[in-house]
Structure formats: structure tokens, C-alpha cells
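Thanks for coming. I will go through one model today, and you can follow along on the screen.

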Amino acid sequence: MAAPTDFLNYIDSNKDSFIDRLAKAVEIPGVSGDPARREDVFRMGDFLDAELKKYGVETKRVDIGTHTMEGEQLKLPPLVLGRIGNDSSKKTLLIYGHFDVQPAFKSDGWKYEPFKLTREDETGKLYGRGSTDDKGPIMGWVNVLEAHSKLQKPLPVNIRFCFEGMEESGSEGLDEFILEEVKKQDSWFKGVDAVCISDNYWLNTRTPCLTYGLRGIAYYKLNISGPGADLHSGVFGRMVHEPMTDLVLLMSKLVDQNGKILVPGVDEMVAPADAEEQAIYERLDYSIEDVETSAGAAIALSDNKAEVLMGRMRSPSLSLHGIEGAFYGVGAKTVIPAKVGGKFSIRLVPPQTPDNITPLVEKYLNAEFKKLGSKNKMNVEYLHGGKPWVEDHKHWSYEAARRATETIYKQTPDYTREGGSIPVTLTFAEALGVNVLLLPMGRGDDGAHSTNEKLDISNYIEGTKLLGTYLYEVEAGTKA
Ligand SMILES: [Zn+2]
């Protein structure tokens, strides 16, 4: 059963006010990784809480304590939980999303102010930090609630919401909460039959997809220190071991220019794809142009589509992210930094986990550092991580999402595995023991975490219809 026409019409007729809702959300710069923005993350949680309440959701804010960031003790943003519907004849879905965002500065290369939603009618795009990651999807759910409330229609399923404000900073406090909560008699997750998360993207700009796998991650900081304070190269150059030199030498030994991971044992842990698996990637609606369009340059690692896709979906990858403590401003400062920290991470696929990868990384870097014969000090810090995840994509929840996609987009979705990590996916799957569906709203070129992040108006509006239709398809597909 497709969603009722009055619901779909309501979404179409309220397009502008739904865009206004997203604009209000984007204007709150809740960057979880910036201590100076912590209050804004709280404000964003308040905003979401109020929106949910408006449409009949019973909510609860959960204090998950404090943490230390950049030497500062900070309160963690509360989880915003919600529940609506308690009909035992209906399925109960748990919806997860996050209301924090990545940092963004106009000077990074944004064409508009990042914390103001800019509507480009000629391209049909909405630009702004968080537009697609993850405020668009969570406002999509609020839009679905609004439609049902205004039309006085009961929802076809019971819904539980779990929204967090620390996703972009390792979801601190969330796993602990979920693992404790499921043990309780009157748990907020009691009776949940399946989980739905909208926090990833289509593979391309044309074909909707359902995602049944995610890579895990292990994030590291390689610290090197030597001098007691920053030194001047005119005074100390070629007299002392320089931390930055050691660091750059070591970082150059982690990965090669073709993406091959040089840490022994990491690539080797994953068996190569057989012909059958290879065929899955050949079939996906994707081209080298797609990757190059979304990357903004012709820089694909190979001309072979399946190879490029497998690089992201079923292979580990190692990326170098940055160097803390290094001179990076304009000008030509002659400093020798006293202490530098190289940040890098490895995306993981089964059977890799942070636990079996970290010893390989430590052993290799210690050995390579020893070879340098430097008198500086080196240590490898594991910052955060999560295991990879693969789900049963024949489950009724996936079938409902497939039918909903066919109804709204008139296309059968691609079935994809994603290169990124959403560690909570695995936590929900393991703690609740239910199926988890990743149902993306945005396109592959949305630029989440990047400059000029956007969400197409059509993805926001059709995506809102998709979320609502999915609920009706769950009802239709599970009726006895
Ligand atoms: Zn996200």
C-alpha cells in the first residue's frame, strides 16, 4: 500500500515552509568538535525537541555527562529521545539521526555563508552546513510528523526517536547510553522491531539506494616531540632532531599514491572479490565521471568502475588528515615546531576491527621510527574507532524501503555498501538485535563534511515523501 494521497499532497503544498524549517536548523551552528560552539549544539537540541513536541511526540532529554576536549571539561549535548504511538498491533521503528555538524568557515571556500541556508532556484539546491548531514533528513522526519498531525492521521507504525549531538565527534556517550538503556524494564527502545537511519547518500546523483554495509574506522594521532619549546631554524637548524621531519617521514610510509596501505597485514586481511562479487559492482549505476564530479576533479585512482567502487565499499583505505602543532598560517615563519601530531585513519571492512588493526599500526610505526635513529620521542595514540557492519538486505524493512523508493522515485534502488562509518549502526544492531536499514535522502555529490555542502530541493521534498511512504510500506508488508 502506497502512502495516502493526502499525505503526499501535503508535502508538496508545504514545500516552502519545510525549507524554512531546514533554514532555521542550519542557522544554529552546532559544531560538536569546537568547544566554542558547544552552546549552539545545545540550542540545536532544544530546537529539535520543540519541533518534535509540536507534533505530538513525547520527548525526553538525556544528560550523558561531560568529556574533555582541548583540555577543557565540557558538558555533552543531551540525547533527544522521542516516542509516538503505542499500538501493539503496529510495528515499532526506531529512527536515529544527529543534530550536530562539522565545522565550516566561509574562508574554506564556501560560495555562501555556511550557516545560512541559501536557496539557489536555478539549480534547485539548498546550500548550508548540515543541509544534507544530517539536518535535512531529521527535518524530513519532522515534516512527516507535521503532515500526520495537521491531517489528523494516525501514523501507520509506532515510532521511537533517538537523536544525538556528538556524531561528528565520535558519538561520545551514546554507546554507553544505549547499552545501559536496553537493560531497563521500561526502556525507550522496548518493542523496537527495526531501526532506520538516514545519514548517508546515494552513490550518484540519479539513483536512490538502500545501504546494507558500512566500513568501520580506526583513527590515530602520531605524536612526535623533541625540543622543550618551539625553536628558530636560524639558531637550531641542522643542530637538532626536528619532530616535523620525523613525522613527515613516518607519514609517508603509511600509504602509497595508489591507495595501497603500507602497514603490513592490513590489506592482506581482506580476501579479494570473486567473480560473483565483482559482478555486483559492475551492475551498480555508477561511472568514473560520477566519482570525478563529486570529487570536483578528474582524479579517480583507476579507469575501472568496479575497481573504484570496491575501493570504497569492500576495501580498507588509509587517509592522512592533518598535522597538529605545525605552522600552517600565511607567511614564511622559520619555526621548528616542538611537538607535532599527525592525524590519520584507516577505514575498515570485515574482518578488520580497531582491536585487530591497532597492534599492526603500532608495531609498524615503532619499527619505522626506530629505523630513523631519531632522539625525539614518538607515540601512537588511538583516538576513536568503530567496527564495520553488513546487514541482511532481504529483510521486510529493506523490502518496504525498496517499494517506497519505487513508488516515489519510479526506480528500483541500488543496494550499496558505504565507505564511511556510522558506528551507532552496529551498536543498534548488536544491542537491540534487530535489522538496521540505511535509507539515504541526499545525493552522492552533496559534499557532507566538505565546503559547499548542499541538499537538492527535490531530494528534500521527495525524500520526505519517501520516509513517510516507507512507514506505510512497513505496515503493508508486515500485516498478518
Ligand atoms: Zn552525518
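Let me start with a question: is His98 buried or exposed? This is a predicted model, so everything I say is computed from it. In it, His98 is buried, with a relative accessible area of 0%.

That residue belongs to the metal site. The zinc ion is coordinated by His98 through NE2, and by Asp133 and Asp199 through OD atoms, at 1.8 to 2.2 Å. Along the chain, these donors follow the spacing H-x34-D-x65-D. His98 sits in strand E5, residues 92-98, while Asp199 sits in the loop between strand E9 (194-197) and strand E10 (209-214), so this pair ties together parts that are 101 residues apart in sequence. Asp199 is buried as well, at a relative accessible area of 7%.

Next, the domains. The protein is divided into domain 1, which is 5-214 + 388-478, and domain 2, which is 216-270 + 315-386. Their centres, taken over C-alpha atoms, are separated by 34 Å. Seven residues from domain 1 and eight residues from domain 2 make the contact. How much area is buried between domain 1 and domain 2? The figure is about 610 Å², and carbon and sulfur atoms give 63% of that. As for charged pairs, the count of salt bridges across the interface of domain 1 and domain 2 is zero. Residue pairs in polar contact between domain 1 and domain 2, both at pLDDT 80 or more, also come to zero.

One residue in domain 2 is worth a look. Leu360 lies in helix H11, residues 354-372. What does Leu360 touch, not counting residues up to four places away in sequence? The answer is Val263, Pro264, Gly265, Val266 and Met269. Leu360 is partly exposed, with a relative accessible area of 25%. For a sense of distance, Leu360 and Ala476 are 116 residues apart in sequence and 49 Å apart in space, C-alpha to C-alpha.

Now salt bridges. The count comes to 35, and I will show three pairs and one network.

The first pair I want to show is Asp16 with Arg119, whose side chains meet at 3.0 Å, N to O. Asp16 is in helix H2 (residues 15-26) and Arg119 is in strand E6 (residues 118-120), so the salt bridge ties together parts that are 103 residues apart in sequence. Both ends are partly exposed: Asp16 has a relative accessible area of 46%, and Arg119 has 33%.

The next pair is local. Lys54 and Glu51 form a salt bridge at 2.8 Å, N to O. Both lie in helix H3, residues 38-54, three residues apart, which is about one turn of the helix. Which of these two is buried, and which is exposed? Lys54 counts as exposed, at 51% relative accessibility, whereas Glu51 counts as buried, at 6%.

Then there is Asp290 with Arg206, a salt bridge at 3.0 Å, N to O. This pair links distant parts of the chain, with Asp290 in helix H9 (residues 288-295) and Arg206 in the loop between E9 and E10, 84 residues apart. Asp290 is buried, with a relative accessible area of 12%, and Arg206 is partly exposed, at 38% relative accessibility.

Last, the network. Salt bridges link Lys125, Arg443, Asp445, Asp446, Lys454 and Asp456.

That is what I have, and I will take questions now.

Methods:
Residues are numbered from 1 along each chain as its sequence is written. This is a predicted model: local features need pLDDT of at least 70, side-chain atom pairs count only at pLDDT 80 or more; totals for chains, interfaces and linings use all residues. Side-chain values use heavy atoms; hydrogens and water are left out. Donors are N, O and S atoms within 2.8 Å of the metal (3.2 Å for Na, K and Ca); water is not among the atoms, so sites may look incomplete. Helices (H or I, at least four residues) and strands (E, at least two) are DSSP runs, numbered from the N terminus. Buried means under 20% relative accessible area, exposed over 50%, partly exposed in between (1.4 Å probe, protein chains only). Contact means heavy atoms within 4.5 Å. Domain bounds come from an automatic or database domain assignment. Buried area is the accessible area (1.4 Å probe) that two parts lose on being put together, summed over both. A salt bridge is a side-chain nitrogen of Lys or Arg within 4 Å of a carboxyl oxygen of Asp or Glu. A polar contact is a pair of N or O atoms within 3.5 Å; within protein, one must be able to donate a hydrogen and the other to accept it, and residues adjacent in sequence count only if both atoms are side-chain atoms.
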